[in-house]
Amino acid sequence: MAISFATIVIGHRYTRAHLATTWGYAGIQAIARGVVTPAEDNKIILFVTEEKRAGDEQYEDELAGTILLWEGPNDHFAEERMLRHHETGDEIHLFFRAQHRDDFEYLGLLRLYCCQRFTDQPSRFVFRVRRTSTEPAT
């Protein structure tokens, strides 16, 4: 099932429950992780929380203007896809919130700037947020 962003607006806030309903999922379980890759689709969706709950994994993630400094998951899920997204046509979408109790704000597409890969700890990515769909991908 392809995920549509036709009704998702840059700068608007969304809950996971709202997005799950919009995308036709039965519940939020399908989009409960920080990195979501819908089946048979070219989209990678990041749900990033800057200030995490005390019991959650304390990844170091920061949004500085249009630059996202992001630590990937410990299991390195979808890492290779993100590294090659400009070659494969995969789209990386960002939903961001400052604190865990906030709704996520859709910030748009990401473009990978650089990555520091690790096998024994989370890899570190630097992305640039493309605020509009007409902004060049490079």
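Is tyrosine 106 buried or exposed, and what is its relative accessibility? In this predicted model, tyrosine 106 counts as buried, at 5% relative accessibility. The residue is placed in strand E7, which spans residues 104-116, and its surroundings are described below together with the other aromatic side chains.

A search of the whole structure returns 11 aromatic pairs. In one of these pairs, phenylalanine 95 and tyrosine 106 are arranged in a tilted manner, with 5.0 Å from centre to centre and an angle of 40° between the planes. The two partners are 11 residues apart and belong to distant parts of the chain, phenylalanine 95 being located in strand E6 (residues 91-99) and tyrosine 106 in strand E7 (residues 104-116). Phenylalanine 95 has a relative accessible area of 0% and is therefore classed as buried, the limit for that class being under 20%. Tyrosine 106, at 5%, also falls under this limit and so counts as buried. Both residues take part in one aromatic cluster, which is formed by Phe5, Tyr14, Trp23, Phe47, Phe95, Phe104 and Tyr106.

Contacts between charged groups and ring faces were also examined. Arginine 16 is positioned over the face of phenylalanine 47, at 4.6 Å from the ring centre, and phenylalanine 47 is itself one of the members of the aromatic cluster. In a further contact of this kind, arginine 33 lies over the face of phenylalanine 77, and the distance from the ring centre is 4.3 Å.

Arginine 33 and phenylalanine 47 appear again in the description of the largest pocket, which has a volume of about 450 Å³. This pocket is lined by 23 residues, of which Arg33, Gly34, Phe47, Lys52 and Tyr59 are the closest to its centre. At least two residues of the lining are supplied by each of strand E3 (43-51) and strand E5 (67-71), and the largest share, three residues, is contributed by E3. When the lining is divided by class, 10 residues are charged, eight are nonpolar and five are polar.

The cysteine residues were considered next. The search of the whole structure finds zero disulfides. For cysteine 114, the closest cysteine sulfur is that of cysteine 115, and because the two sulfur atoms are 7.6 Å apart, whereas a disulfide calls for a pair within 2.5 Å, the separation is too far for a bond. The same separation of 7.6 Å applies from the side of cysteine 115, whose closest cysteine sulfur is in cysteine 114. As to their accessibility, cysteine 114 is partly exposed, with a relative accessible area of 36%, and cysteine 115 likewise counts as partly exposed, at 27%.

Backbone geometry in the loop between E5 and helix H2 (79-83) was then inspected, where histidine 76 is found. Although histidine 76 is not a glycine, its phi is positive, at about 60°, and its relative accessibility of 19% places it among the buried residues. Alanine 78, which is found in the loop between E5 and H2, has a positive phi of about 65°, again without being a glycine. With a relative accessible area of 15%, alanine 78 is buried.

Several further positions outside the helices and strands were described by their accessibility and by separations between C-alpha atoms. Threonine 7, in the segment before strand E1 (13-14), counts as exposed at 56% relative accessibility. Its C-alpha atom is separated by 8.5 Å from that of threonine 22, and the two residues are 15 residues apart along the chain. Glutamine 29 is located in the loop between helix H1 (16-22) and strand E2 (35-36) and is likewise classed as exposed, with a relative accessibility of 66%. From glutamine 29 to glycine 11, the distance is 24 Å, C-alpha to C-alpha, for a sequence separation of 18 residues. Threonine 66, which is found in the loop between strand E4 (62-64) and E5, is partly exposed, with a relative accessible area of 34%. The C-alpha atoms of threonine 66 and leucine 109 are separated by 11 Å, while along the chain these residues are 43 residues apart.

Note on methods: Residues numbered from 1 in each chain as written. Predicted model: local features only at pLDDT ≥ 70, side-chain atom pairs only at ≥ 80, totals over all residues. Heavy atoms only, no water. 1 Å grid on protein atoms, 1.4 Å probe; cavity = no way out; pocket = protein on both sides within 12 Å on 5 of 7 lines; lining within 4 Å. Points joined across faces, edges and corners; volume = space filled by probe spheres on them. Helix = DSSP H or I, 4+ residues; strand = E, 2+ residues; numbered from the N terminus. Nonpolar A, V, L, I, M, F, W, Y, C, P; charged D, E, K, R; others polar. Phe/Tyr/Trp six-rings, centres within 6.5 Å; stacked < 30°, edge-to-face > 60°. Buried < 20%, exposed > 50% of the residue type's maximum accessible area, 1.4 Å probe, protein only. Lys NZ or Arg CZ within 6 Å of the ring centre and 35° of its normal.
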